[in-house]
Amino acid sequence: AKPTTRTPQMTAQRGSRVGQHRHNRRSANAVDENVLAMRQYPPCETLVYFLRQYNVLQPRFPLLTAACGTHISMTFNITVQPSERAFTTQPDEAILAAAIRQGIGMPYGCKDGACGSCKCKKISGDVVHGPHQAKALSPEEEAAGYVLTCCGVPTSDVVLESKQVTAEGALPIKKMPVRVAHLSRPSEDVALLRLQVPATEPFVYRAGQYVEFLLRDGDRRSYSMANAPHTQSTLPGIELHIRHMPGGKFTDAVFSTMKEKDILRIEGPYGSFYLREDSDNPMVFVASGTGFAPIKAILEHIDFTQSTRDIVVYWGGRRPADLYLHDWMMALAERLPNVRYIPVVSDATADDNWTGRTGFVHAAALADIADMSGMQAYVCGAPIVVDAAKRDFVSERGLPEEAFFADSFTSAADTAQN
């Protein structure tokens with residue numbers, strides 16, 4: 001046989017094929033390892049995971065995709081008991097995203113698998129979870145049938161139980177430009193930001209909900225609105241309380257370069273932390289730091305509607321300066337006979353001359369209230385405060401779980417742990 005004369009181009013092509021062969025062998029080994037790791041899951045969930053992980057799409061493997069299309073490309077029906085609200089999910093869509101898209105007011109907070117506010121009991125069906133923190137959903141809770149709707153993707157029709165879901169639909173979510181109308185600092189590390197919304201786009205929300213800033217790089221930052229909706233009739237716009245997180249992408253800008261008349265973009269309203277007005281039960285409000293923002297909005301709404309429900313407000317901070325609207329809260333409690341205010345400071349120094357309550361803010365509520373079985377609790381602030389309050393109010397004071405409403409202020413650092 002005539003020997004082949006190899007040109008430099010042929011040699012390069014052969015080298016490329018050898019390199020590709022080695023790459024394929026490495027990829028195959030990686031696939032084998034993941035398949036072994038996924039044997040603990042049911043076959044349908046393993047297949048769904050595999051196809052998503054390795055981007056096995058229909059154009060590449062049409063027969064395989066068609067064979068398991070019931071798990072990849074179908075929409076699924078979600079029903080929530082006892083309200084009987086129903087909606088559908090699109091392929092690969094989380095349950096919460098589908099609910100928001102279709103105007104179903106399901107409970108949620110961070111939307112990132114970090115806080116557990118969206119946790120529901122699964123009555124039937126199959127759900128595959130995306131990344132989430134164990135404190136939001138523990139392995140024991142997942143085994144018991146609980147799901148996080150923010151990162152749970154159904155692989156069949158699903159029935160959930162959530163007593164927080166009512167026949168009332170969610171408010172429309174809008175994206176809009178806003179202008180910085182006013183910026184002030186009531187304390188060293190807290191900024192009060194008032195945003196002017198477009199006059200042509202009425203912004204409807206419930207007191208206690210939040211908006212998301214849409215940053216240039218695609219990231220988002222969430223902040224609760226601190227003024228009740230009715231206040232827009234006299235002073236249009238929304239008020240936000242922003243604590244400086246050194247090194248934070250958004251808060252560094254707020255405390256350095258942001259100025260009045262700057263244009264930003266927001267989306268909202270979001271969140272299920274708002275007053276349940278179908279009850280006359282007394283309420284306990286617990287806030288840590290800027291967790292006071294949504295509670296301030298709810299208190300303004302209560303004042304506006306002239307509700308006579310008994311309310312006790314516990315607001316905690318490390319130092320007295322962290323209670324940055326202490327005078328405002330004192331004045332409200334003096335004016336409304338049904339509202340009591342208990343400020344709590346955990347790390348006061350001699351220079352602070354603090355003579356009020358000390359310790360952890362939720363512990364002050366535990367010390368004062370022996371029985372919460374007939375109350376509602378609204379808790380907002382740091383995740384550690386929200387988690388401790390729920391645990392202790394329910395287990396030690398008899399608060400019904402469905403009477404606990406919370407908004408856990410998870411930071412970008414918290415979310416990154418996912």
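In what order do the five strands of the open sheet with mixed pairing lie? The order is β2-β1-β7-β3-β5. The structure is a predicted model. Two strands stand at the edges of this sheet: β2, residues 85-89, and β5, residues 146-148. Each has a single partner strand, so one side of each is left without a neighbour in the sheet. On average, neighbouring strands here are turned by 35° against each other, direction ignored.

The edge strand β5 pairs with β3, which spans residues 119-124. These two strands run antiparallel and are joined by three bridges. One residue of β3 can be followed across: the bridge partner of Lys 119 is Leu 148 in β5.

A second site lies in strand β18, which covers residues 376-381 and includes Gln 376. Is Gln 376 buried or exposed? Its relative accessibility is 7%, so Gln 376 counts as buried, because the cut-off for buried is under 20%. The side chain of Gln 376 makes a polar contact with the side chain of Arg 309, at 2.8 Å. Leaving aside residues up to four places away in sequence, Gln 376 touches Arg 276, Ser 279, Pro 282, Met 283, Val 284, Arg 309, Leu 399, Ala 403 and Phe 405.

The chain as a whole holds 12 helices and 19 strands. It has 418 residues, of which 45% count as buried. Contacts between residues at least 6 apart in sequence were also examined; 67% of them join residues at least 24 apart. The chain exposes about 21400 Å². Carbon and sulfur atoms supply 53% of that area.

Technical notes:
Residues numbered from 1 in each chain as written. Predicted model: local features only at pLDDT ≥ 70, side-chain atom pairs only at ≥ 80, totals over all residues. Heavy atoms only, no water. Pairing = 2+ DSSP bridges. Helix = DSSP H or I, 4+ residues; strand = E, 2+ residues; numbered from the N terminus. Axes fitted to C-alpha atoms, helices over the stretch in contact; angles between N-to-C directions. Buried < 20%, exposed > 50% of the residue type's maximum accessible area, 1.4 Å probe, protein only. Polar contact = N/O pair within 3.5 Å; in protein donor to acceptor, adjacent residues only side chain to side chain. Contact = heavy atoms within 4.5 Å. Areas by Shrake-Rupley, 256 points an atom, 1.4 Å probe, with all protein chains shown as cover.
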